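Here are some exercises to work through with the model open beside you. Try each task before reading on to its solution.

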Amino acid sequence: MATQTQAETFKKLVSHCKEYGYIFQSSEIYDGLSASYDYGPYGVLLKNNIKEYWWKSMVQMHENIVGLDAAILMHPKVWKASGHVDAFNDPMIDNKDSKKRYRADTLIEEHMEKILAKADKEVKKAKKRFGDSFDEKMFRETNPRVQKYVGQAAAINDRFNAAMNAGDLAAMKQLIEDEGIVCPDSGSRNWTDVRQFNLMFGMQFGALASDAEDSTVYLRPETAQGIFVNFLNGQKTTRQKLPFGIAQIGKAFRNEIVARQFIFRMREFEQMEMQFFVRPGEEMKWYDYWKNKRMQWHEAIHPSSKLRFHDHEKLAHYANAAVDVEFEFPFGFRELEGIHSRTDFDLTEHQKLSGKKLQYFDPELKESYVPYVVETSIGLDRMFLAALTNALQDEEVPNAKGGMDTRVVMKLHPVLAPIKVAVLPLVKKGGLPEVARKIFNSLKMVAHCQYDEKDAIGRRYRRQDAIGTPFCVTVDFDTLDDNCVTLRDRDTLEQVRIPIAELEAKITAKLSFTHLMAEE
Ligand code: GAP
């Protein structure tokens, strides 16, 4: 099978999502709204399964984590206190020739990636030349060309971090000019100055809205603030002692300057966040705990080779440590989840602006304090994209004529798969549909099932492979005599004959969330 480029793989994934009812462009009949997507019949099921896995693992499995579903619209002062009104900005730059708008930081990061890719290319070439005797580490440390590229990227990175940390927009523009970074669209170097762009969507609230600044209500850019302002409500009503956490899943909105790469960066997306409140001074211990715990959660679903940590060099205004869990998407390793040590910043600021105490009385220390917070924050849509990236495969399989066919198969973990079982009568006659319907009606009580009697059995199997259904149950003429069916496994293609009476137990054993939780 010919190998695909990353771009081809990604294009295929996007069209597969549309063709098989996972994701549609929002408002498609009006030519769509950029960076907005609708989750289709299978997409919504996969999304719900990911939510359930996260919720069970965070809330059900931790007696000291409770849930919340806060309103999307919050008091405007929330965003003043949190720093989002003043500091939730991205540096923006326009190209005067193409009239295209970019994030200045992304242009610089992509430029650095290109330089590092040149170093990787040298390594790849040498690997091919030297074969088994190749010592990659030594080559990277000593080869002058690799050293030159790595040094070049490091120097740019230093200037970039200094400019970002100081909020020095002129220095950022200078870096773009010095490096000769061109507009990806037009190749032009005719840039405007770099400006800050606030990412929050503001709106007028209610019929009496005036133009006054303080009447602006924002669509929340993160779900976390709903948790902070409910910290005492959650703690007191559930009689929790520190350390304890509050978890929630919900929509967030950001007016991204450039929203692209399908559902990776959208203006409306969903987050699964947990704020863990701890004693001051103990935050690094819990930061390490959650860093490992969250990686285990990902590794229960994805191979570890597709996951890595990336420490933040530039910290957000609220953090004293931060790390990303990165996943290898078709366009490279990118952030999937953030784990942040947010200090006491948010609670302290809300305390100041609201005038309400947000403190915990520690019965062991016999003193009150504002807790420190460790946050885990994962984008549901990015997790969805990661799951599909990992699952979608072209695979060579033997056909009935003794040759090979290519099948498109979505090898989603059975616990996440939208449809768990397809029940298929071999043919549409001879009493087989009636038996198959009976099995379907009984299995649908325990799992999402599909009944399908249209087309040849081989085509129906392929259809279920493409959707990601882990099990197919086929009813044939022998079934009428022996009360057995064929159970086909999506991944191994193994077909076993089992009594109808054993189907439910056999299938449900593979679908239980317990498997995933045990792997964490
Ligand atoms: N409360 C902390 C917070 O919001 P973040 O790193 O800005 O931190 C957390 O966002 C996660 O939300 C990211 O790791 C990513 O998975 C997801 N996310 C952020 N912006 C997104 C966007 N525009 N589209 C889709 N997902 C996004």
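**Exercise 1. Find the residue of strand 5 that stands opposite Ile-93, then place the strands in their sheet.**

Step 1. Keep in mind that this is a predicted model. Opposite Ile-93, strand 5 places Tyr-102.

Step 2. Look at the pairing of the strands: strand 4 (residues 89-94) and strand 5 run antiparallel and are joined by three bridges.

Step 3. Widen the view to the sheet, which is open, has three strands in the order 5-4-6 and is paired antiparallel. Strand 5 (101-103) and strand 6 (195-198) each have a single partner strand and stand at the edges, so one side of each lacks a neighbour in the sheet.

Step 4. Check the twist: ignoring direction, neighbouring strands of this sheet are turned by 45 degrees against each other on average.

**Exercise 2. Work out the strand order of the seven-stranded sheet and say which helices pack on it.**

Step 1. Trace the order, 3-9-10-16-13-12-11; this sheet is open and its pairing is mixed.

Step 2. Identify the edges. Strand 3 (65-67) and strand 11 (307-311) each have a single partner strand, so each has one side without a neighbour in the sheet.

Step 3. Get the average turn between neighbouring strands here, which is 25 degrees with direction ignored.

Step 4. Examine the pair at one edge: strand 3 and strand 9 (residues 244-253) run parallel, joined by three bridges. Val-66 has Ile-246 in strand 9 as its bridge partner.

Step 5. Add the helices. Helix 13 packs on the sheet and touches strands 10, 12, 13 and 16, with its direction at about 35 degrees to that of strand 12. Helix 11 (residues 283-299) lies across several strands, including strand 3 and strand 11, and runs at about 150 degrees to strand 13.

**Exercise 3. Describe how helix 1 and helix 13 pack.**

Step 1. Take the geometry: helix 1 (residues 6-19) and helix 13 (residues 380-391) pack at about 110 degrees, and their axes are 11 Å apart.

Step 2. Classify the angle. Since 65 to 115 degrees counts as roughly perpendicular, the two helices are roughly perpendicular to each other.

Step 3. List the residues that meet: Phe-10, Leu-13 and Cys-17 from helix 1, and Leu-385, Leu-388 and Thr-389 from helix 13.

Step 4. Sort them by class, which gives five nonpolar residues, one polar and no charged ones.

**Exercise 4. Locate the ligand's surroundings and its polar contacts.**

Step 1. Start with the 21 residues that surround the ligand, of which Glu-222, Arg-254, Met-266, Glu-273 and Glu-335 are the closest.

Step 2. Find the side-chain contact: an N or O atom in the side chain of Arg-254 lies 2.8 Å from an oxygen atom of the ligand.

Step 3. Turn to the backbone. A polar backbone atom of Gly-379 is 2.9 Å from a ligand oxygen atom, while a backbone N or O atom of Phe-264 is 3.4 Å from a nitrogen atom of the ligand.

**Exercise 5. Find the backbone features at Pro-243, Asp-31 and Leu-493.**

Step 1. Go to the loop between helix 10 (231-237) and strand 9, where Pro-243 lies. The peptide bond joining Leu-242 and Pro-243 is cis, with omega about 0 degrees.

Step 2. Move to the loop between strand 1 (23-25) and strand 2 (37-39), where Asp-31 is found. Asp-31 is not a glycine, yet has a positive phi of about 70 degrees.

Step 3. Finish at the hairpin of strand 22 and strand 23, with five residues between the strands; there Leu-493 takes a positive phi near 65 degrees.

Key: Residues are numbered from 1 along each chain as its sequence is written. This is a predicted model: local features need pLDDT of at least 70, side-chain atom pairs count only at pLDDT 80 or more; totals for chains, interfaces and linings use all residues. Side-chain values use heavy atoms; hydrogens and water are left out. Axes are lines fitted to C-alpha atoms, for helices over the stretch in contact, and angles run from 0 to 180 degrees between N-to-C directions. Helices (H or I, at least four residues) and strands (E, at least two) are DSSP runs, numbered from the N terminus. Angles under 35 degrees count as roughly parallel, over 145 as roughly antiparallel, 65 to 115 as roughly perpendicular and the rest as oblique. Contact means heavy atoms within 4.5 Å. Ala, Val, Leu, Ile, Met, Phe, Trp, Tyr, Cys and Pro count as nonpolar, Asp, Glu, Lys and Arg as charged, and the others, Gly among them, as polar. Two strands pair if DSSP finds at least two bridges between them. A residue is near a molecule or strand if one of its heavy atoms lies within 4 Å of it. A polar contact is a pair of N or O atoms within 3.5 Å; within protein, one must be able to donate a hydrogen and the other to accept it, and residues adjacent in sequence count only if both atoms are side-chain atoms.
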